[in-house]
Each structure stands twice: as structure tokens, then as C-alpha cells.
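Please find below some notes on the model, set out as numbered points. They are meant to be read with the sequence and the coordinates open.

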Amino acid sequence: MSIAEKFVALDYGPALEDPKEAFVWLDRHNRSFGHFINGAWQPPSEEKYFDTSDPSNGEKLARVAQGSTSDIDAAVKAARAALPKWQALSPHARALYLYALARQIQKHSRRLAVLETLDNGKPIRECRDIDIPLVARHFYYHAGWAHLLHQEFPDYTACGVVGQIIPWNFPLLMLSWKIAPALATGNTVVLKPAEFTPLTALAFAEICDEIGLPPGVVNIVTGDGSTGEALVKHPDVDKIAFTGSTEVGRAIRTATAHSHKRLSLELGGKSPFIVFEDSDLDSAVEGLVDGIWLNQGQVCCAGSRLLMQESIAETLLAKIRNRMSTLRAGPPLDKSIDLGAIVSGVQLDRIRRLVNQGIEEGSTCWQPDTELPSGGFYFPPTLLTDVHPTSIVMQQEIFGPVLAAMTFRTPAEAVELANNTVYGLAASVWSESVNVALQIASQLKAGVVWVNCTNMFDASCGFGGYRESGFGREGGKEGLLEYLEPWWFKSAPALSAQSQPASVTNEKASLPSGIDRTVKLYIGGKQLRPDSGYSMEVRGLNGEMLGEAALGNRKDIRNAVEAARKAAGWARGSAHNRAQILYYLAENLSQRGQEIATRLAAAVGEEQASAEVKFSIERIFSYAAWADKFDGAVHSPPFRNIAIAMNEPLGTVGVICPSEKPLLGFLSLVLPVIAAGNTTVVVPSQAYPLIAGDLYQLFDTSDLPDGVVNIVTGHSAELLKTLAEHEGVDSIWCFGDESNVSVVKAFSAGNLKQVFTNEGRVIEWFDIKQSEGRWYLEHATQVKNIWVPYGE
Amino acid sequence: MDLTTLSGDDTEERVRRLCAKAVRPIQHELIERLAVEPLKVQVAAVCVYHRFVETARRALDGSDVRVAAVSTGFPAGLSALSTRVAEIRSSVAAGAHEIDVVITRALVFGARWQELYDEIAEFKNACGSVHMKVILGTGDLLTLRNVARASFVAMMAGADFIKTSTGKEPNNATLPVGFVMTRAIREYGEETGMAVGFKPAGGIRSAKESIEWLALMKEELGVSWMNSSLFRFGASGLLNDIERQLEHHVTGRYSADYRHPIA
């Protein structure tokens, strides 16, 4: 085409990034990579390799090592060996390493960007302008935390050896989200990059070497799912951090249930993109471009469900179609294309299959005449209309450039539709009214809500999901907590296995004399007889009969959860109100303390009983104090945005109380849960369930709304299974022996509810450091980051 | 591009120099080496004060370059309405092909949209068939909402073009303002079927910046808008940089400003 013709046609010309330097780097490694273990390249023990290729043209880029169980073992051993010295470094010394990593990433930013584009297929513009700058930012930010660690987290210590598994959609960025906080907090790392995109992780390994990071602090083992599985199952790993599909996340939850491994999961999503009639529609359309067409839609927080207010739906759809028509697909190294290649043939097939299923279900599929390159894995931008909440394309994560659009009538319906999903990763809300936008943001079940923007990320702002989008946060202060635990916790001794209730003894005993005392279940503010119609004996210190407790069963748990979920208004009330009720509870316990202690003494002895009452009153005061003080934060990411980090309650929390301190143990767990605004279903002490009778009388007289606390007595080991697997329970706290804790973890995998346990260890309930405060409140809440832009 | 000279020290000779550059904006040698003679590359208009309309018209006689007069109490636009309207009529009578009017920013701040509409409609009436560009003074309006509202009122009142700035406001054409104005033009077109032109003016000095604006036009309004009847740069310094970049394209060597004849 002559210049004169170009002058008239005004087409975009090709603007290819030269990949030469990246190829030079690959050639320098002879296009063959081993694992990076203990600071050196190691050939795979089984001498197996696999190829990684450019998805835009199918060309092989290099071969990489297939990690075996023994490779993982070598890496974990190296990380373990490196741990003491790494932890012995001063915070400043660790900060210097993180700073050097950030600097080195910046110095080689273009090579990393080109490598990422070659390996992943995403546009170079995204790698260059989004991924790699965010990677550097993540290391800078965490270099700062490394330095401040002891000042800001005086009571915490590192988990130890951390196993990390990352996905292929933002390979190096996800690596930075994993490695930076782990190193800043003094952990050592074994990381497995995704099978499709190992190259930038290997380039990062080389950077670790270049800056002189001590051997073994970061180990990179490449491989497929089996390599990841070996890492998850390795007995000497203290924590697993995983980003990937919900399906694999669930498998990891199950696989780690019978270990003490900490777990954080960042999983799938089907995030709503909500457009109100008063929004700037043109901006909303550009938001969608970033929301669903960034990285070809292969983004866990992609705004894949468009919810449009009915009044503007047709106008908006017309604008979207126009905009889609100007999207350009092309070779990913072209600096001015919008859509690159899909990462693999497998993924392309999945996108095609889901879109076809959607069409079969009656959706209307619209695609512009986007010119797609021949060869390579490409899929055009796609809009599906005539979809409903029942449509597969509205429920399942497609992980492709596919937008499904439907309408809503009112703000309340927008929220209902948005929350009608098992996921809860992110949401985007568009309205020119900040009041409307914040009102909606507060009601969405999502870890990140972007107001009038979308897909914004920063190291200072936690990222992570609600519900089956996982748990734990990456970024911000909350992200660091995923790699820390209270310093005393790991060395706490194991609880001895808890004996079964006294009812197994055959010795007959008669009930105490006087008027019969019937302790029932407490559900929805009512004292109820158990569904089973059975009771269980409760024996004292010397085997004497103290009374009988209701024998709750599966259906009682069901009813209690229903009642707890109905009481969700507790969270919407003010924190001040919750504090007032807790103070009233303290007042009432103080009045009746003597009498309760006397009864409790028969089960635990006089000394413990009176101490439990005394500490309980203080503990109630403590959480009444906390109720309106466990505030969130306001972050200042380096954009024209603020991000409001709110500590939100989880919802309904199941609580399995420790057996050993019937009153104080109950309150130590239930108080933070309800102070934060959760409702709860509690299984009280196995040893002395009769405490329920005293507690519900206290709750009743303290104006605690019906259903906020529900108590089901019975065999803990059975009830906890029902609670742990109940999909209406958002989190479960289990403080018991090792076997109960493992069962709870294993049974929680269904809806991936958050699990907080004592890991079967002894908690000193009379020691304030161990038994109350932030550690508990952090587990009673989840952080929602609401991004609000400045300017018009 | 509209080549512009709007300074207190303008003289007839200065205007004639500008006109000479307008007719032959790029050195012949470059045109030849780019093989673009058939395009007959010229600027769209020369933009001057009323006083120089006739000078410019004579200097441009025989070319397709149009004469645009800034009018209506440019740049503040605060003289009496009758004076402003009379000014338009004089420039039209003097042979201006295009009139660049400025709006009364006070009417925007006061949300006196009807008055603004009436004022611009009166300007249009005075222009008759002569092409009218309405300068919003976006650097004064400051908020994007005001820019959007003023854009709509100007178009409804008969603007053939909406233009960002006089070049005298503290802020000139910025991309956010460009987005708002082009989107307003798009929406107006969708509502009425009428194509209104866009002229960013002031502050665009490099070829690289001009590419950003061209991309904005292509993305927001499409290629059909990318010709001189619907899109103009209002600039004085931009041309020299474009010439330098063209020379670089032809020779492979970076060029220097003094190598290209000034206006």
C-alpha cells in the first residue's frame, strides 16, 4: 500500500515488538530448562521434559523439566534448609533482597514482557503496561513490608516453607503476588508455575540468582498437575497458596485436610458488571473492554456477567456492539491489538463448547467481523444475549472473551442477580451517583468491587474472593497475614484426643434431686426440644450425673442454620448496637456469675469455674470494645482512586467449642464471631453441654436478637460434619482435637467455606495473648476492597 | 489542520507568510519522495483575526485553503452581543469562509442553557451559509460535564464544528476533553443523523500527540470523520514537527527544525 493510499485508508499498521532479545535469552539457555532448586539449575530427576510453545503460532519456544515427587522433595528440602538463616536475617536485610528483585525486574522489564507474550499469547501492550509494572510494584511494596515486619506484626511469625501454585493467565504477576509477601514475611518458597507458561518464572529464578538471593529461599519446579499435587501433599510444607480453578482448589482443600498446612485459595469467578441507567454509558462500555476483553477474558475476575438496568439495555447493547466491532485481534506482539491468542487449544475448546451450549440453550450469539489471524488459538469477542440466571453461560466461568448480558429492573434486583452465584470474586458497579454505587457495593458478595472502573489491581489493596472464589487475600496488610501466624501457635502442644461423652459409661446414676432442669436446644431465639427425642447424660468430675442435655442431630443443625441465616440483619445494624448488647450480656453474666459458677464447678471444679466466669465477663467487655473498632482501611493505590478496605462479616459461622472450658471457650469463640456481625450455630463443650442452658438465658435477657446465636448440643463429632458440609454455612471454627479438626477441614470442601481451627493444639483460654483479639477478629471477617475513582 | 496566527503582534506580512506555508505546508522534495503529489497536501484553513481576513483571502486566492476568522470578541467573548454579531457579519462580508465564535462561559457556569442556545443560534444566523465553529473554551469550563452540556447546546444551535479552545485559556485541548466532545458528537449524530466536526486546538505540538488524537477520532467517530470537513487540528507549531517526522521517515535520519521552512 502506497503512502497516498494509507493516507486515505487510515488503517492501523502493524507495530510489532521485536522479540529478538527474548529469543537470545532462550538460546542462551539452549532452549532447555531444568528446575531452579537451591539456587542452581537442576535437571529433572526422571529426565522428563515437556515443550512450551507460542499459542499464537504453535511454535515451540523451549523445553522445560517435568517435576517429579523427588524434584519437589529436593526443592522442599532446600527451602527448609534455607529457612533458619533467612528468618534470622534482619527485616532490613530481607527488605534489601526484595528491593533488589524489584529493581532487577524493572531493569529487564521488556524482556520479561516479551517472554510473557510469547509464552501466553496475551497482547504485548498488556504485559508491558500492566503485568510487568504491577510485578515490580508488588516487590517494591513488599520490600517495604519486609522492613516494617517486626514493627507492624510484633506477635506474628512466618509460616515456614510455603508451596505455591500459580495459573497461566498472569504468569509473572501471579508469581509476584505469591512470592513477594511470602519472602517479606520470612518464609521460603517452592513455586510451581503453570504448565502452559513456565518461562517468566524461570526468568525470575535467574533474577533471584543475579541478585544473590540465598540458595533455597526461592525454588521453582516446573511441571503439570501431578507436580502440583506432589507439592500439595508434601509433608514438610507449612502452607499452600494456590491460584487457579475452583475444582482444583477444592481438591487441594481435601488433600490438605489431614495436615496442619495453612491454605489460601484464589479461585474462579463469574463477576457481575452492573450498569445503572444513570451511568456514563460510553465509559461503562470502555470498562467492559477492560472487564471482559482484557487478556482475552482469561481473567478470574473478568466482568463476564453484564447486568443492565432495563431502561438503558438496548442503548447499551448497541454501544457494546459498536465497540466490539472496533476491537482488533492479532499477533500478540503487535503493540496496537486488543485481543491476542487464547493460551492453548484445550482452553479454546472449552470456550467453544460453552458458547455452543449457550446457543443450544437459546442464547443469541453476536460476534463482530473481527479479522482473526490464521493459525494459532484465537476466539472473537462474543456477546450472548437472551440469557437468564438458569443459562449455563451465566453460571459457569468461561474464561474467554465472552460476555453474557441480561437486564434488571431495580437496584434490589441487581444485587439479587449479582449475588446469585456460587462465586464471589469481584464486581463492577457503574452509576454516576456515588450513593447508589456505594449502597450496591456494600451489598455485593465479592472481595473486590470496582465503582466506575474495573480490573484495577495494586499491591496495597487486597485481592481475593468470597464464597467459592476462595479465601485469603493477596496484597495489602491482609495479604501478609496469610503468610504469618501468632508466634506461640506452632509450638502450642497438641490436645489429647477428647473422650467420648459420659453416656458411654454403663454405671447407673440418678439425676440430681429437686425440680427437674431441662436444657434444650436454642434455635431462632426459642428453646426447642431436639428432633431426635433423645437426651444425653452429662456427668461431673467424679462421674456423678449432672443432668441431661438435648441430643441434637442433623435436622437440628439444619434448623439452626436456617435461623442463623434469617438473622442476617444483625450485620446491617450498627456496630455500636452490637457493642451495647454485648455490654448488657456482661452485665447479666456478672449478676448471675455466682450461680453459673456453682453449677459449672460440678463439671470443672470450683477454681476453674469461678475463673471462667471472671474471664468471661472481661472477654465480653473486650469484644464489646472491639465491636466498633475493628475498622477497615483506606488505601491509596497509585492511580486516581481510593480503595476502601472494609472488614465485613462472613455470614453464618459454625462454631465447634473446645471441650475443656465450657463457658470461657464458648464465649471466646462466639463473641468475636457476633461482634463482627456474623450469626452463628454453636456446638458447645462436649464435656459439659449443659452450659447451653445458662448461656441462652443470658442471651435472652440481653436483647440479643433471635437467631444470632443458635446452640445445638449433642455429639460434637457428628454435628460438626453436618455443619462443616452445610452449604449455607460460610465459615466454620473448630477448636477441638486433631481428628475433629481434620474432619471439619475435609467436610468444608463442598462450598469451600473458610476454616479456622486450633490445629488440634492447646489454647490457653486464660491467656489473653492466645485467646482473644485481632487474630480471632481477622478470622471472623473478610476484607472487601471497594475502589472508588476520583474525578469526573 | 488550520494554521493559526492570533497574536497582538500580527501584521499583514506575517499573515501572508502563514498563507504561503498553508498552500505549501511540506517541502516539495519530501512530497516527491513520499510519492504523495496526488494528495495535494494543503492545510484546511488559515485562521486569523478579522483585520487580516482580506489579506489572507488575497494571499490564498487560487488555492483551496479557506480563510477562517476568529470572531465574537475572541478570545474572551465578552463584548456586547450586538458587537459580536456585527463582527461576524463584517468577517463574512470580508470574505471569510469560516467563522470561529466563542461562547460566553458565564452562561455555562450559570447553567443558562437557553440563553447560550439563543446566543449561538444568533451567531449562526449571522454566519448564514458560512461555516461556523463554536469554541467552548474547555480550559475555562474545566468540568467534563460542562464540556458535554456545552457541546450539545452548541450543536443544537447550529455549530458545524465544535472546537476545544481559543489557545488562550490556561489549559488547551486535552484527551479527556476530546473524549467527551467526540462522544457528544457521536451521540448527537445518532440522535439527529447530522455530522458535526471536531477541532482540538492549542497545545498540540508534536506529531506523536497528533497520532493520539487521530486514534481518538478513529476509535470514537470512525474514519468517515477523519477528513478536513469534519476534523481539524488548530495549531501553529505542530506542522514543523510533522515535517521533521516525515523527513525521518524518508531518510531514516532524525531531522532538525531549522531544515523546514517556517510560516
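1. Is Asn452(A) buried or exposed? In this model, which is a predicted one, Asn452(A) is buried, since 22 other C-beta atoms lie within 10 Å and the cut-off for calling a residue buried is 20 or more. The residue belongs to the loop of chain A that runs between strand E18 (448-451) and strand E19 (470-471). Its backbone deserves a look as well, because phi is near 50 degrees, a positive value in a residue other than glycine.

2. A second asparagine should be examined in that loop between E18 and E19 of chain A, namely Asn455(A). Asn455(A) also is not a glycine and yet has a positive phi, of about 50 degrees. With 22 C-beta neighbours inside 10 Å, Asn455(A) counts as buried.

3. Elsewhere in chain A, I would look at the pair formed by helix H5 (residues 109-120) and helix H6 (residues 124-152), whose axes come within 9 Å and cross at roughly 125 degrees. The two helices are therefore oblique to each other, and the crossing of H5(A) and H6(A) is right-handed. On the side of H5(A), the contact is made by Ser109(A), Arg110(A), Leu112(A), Ala113(A), Val114(A), Glu116(A) and Thr117(A), while H6(A) contributes Ile124(A), Cys127(A), Arg128(A), Asp131(A), Ile132(A) and Ala136(A). Sorted by class, the residues of this contact of H5(A) with H6(A) comprise seven nonpolar, two polar and four charged.

4. On the contact between the chains, eight residues come from chain A and 13 residues from chain B. Helix H1 (residues 3-9) of chain A gives the most to the side of chain A that touches chain B, and its share is three residues. That side of chain A is made up, by class, of four nonpolar, two polar and two charged residues.

5. Turning to the overall form of chain B, the secondary structure comes to eleven helices and eight strands. The radius of gyration of chain B is 18 Å, close to the 18 Å that the globule rule gives for 263 residues, so chain B is as compact as a globular protein of that length. Along its principal axes, the C-alpha trace of chain B spans about 55 × 40 × 35 Å. Buried residues make up 46% of the 263 residues in the chain, and among the contacts in chain B with a separation of 6 or more, 71% are accounted for by residues 24 or more positions apart.

6. Which residues does Val153(B) touch, leaving aside those up to four places away in sequence? They are Trp113(B), Leu116(B), Tyr117(B) and Ile120(B). Val153(B) itself has its place in helix H8 (residues 144-156) of chain B and is buried, with 25 other C-beta atoms within 10 Å. One of these partners, Trp113(B), is 40 residues apart from Val153(B) along the chain, and yet the C-alpha atoms of the two are separated by 7.0 Å.

7. Finally, a peptide bond in chain B should be checked by eye, namely the cis bond that joins Phe74(B) and Pro75(B), for which omega is about 0 degrees. Pro75(B) is placed in the loop between strand E3 (66-70) and helix H4 (81-93) of chain B.

How values were computed: Residues numbered from 1 in each chain as written. Chains lettered and ligands numbered in written order. Predicted model: local features only at pLDDT ≥ 70, side-chain atom pairs only at ≥ 80, totals over all residues. Helix = DSSP H or I, 4+ residues; strand = E, 2+ residues; numbered from the N terminus. Rg over C-alpha atoms; globule rule 2.2 N^0.38 Å. Buried ≥ 20, exposed ≤ 12 C-beta atoms within 10 Å, placed from the backbone. Contact = placed C-beta atoms within 7 Å. Axes fitted to C-alpha atoms, helices over the stretch in contact; angles between N-to-C directions. Parallel < 35°, antiparallel > 145°, perpendicular 65-115°, else oblique. Left-handed = near helix turned anticlockwise from the far one by under 90°. Nonpolar A, V, L, I, M, F, W, Y, C, P; charged D, E, K, R; others polar.
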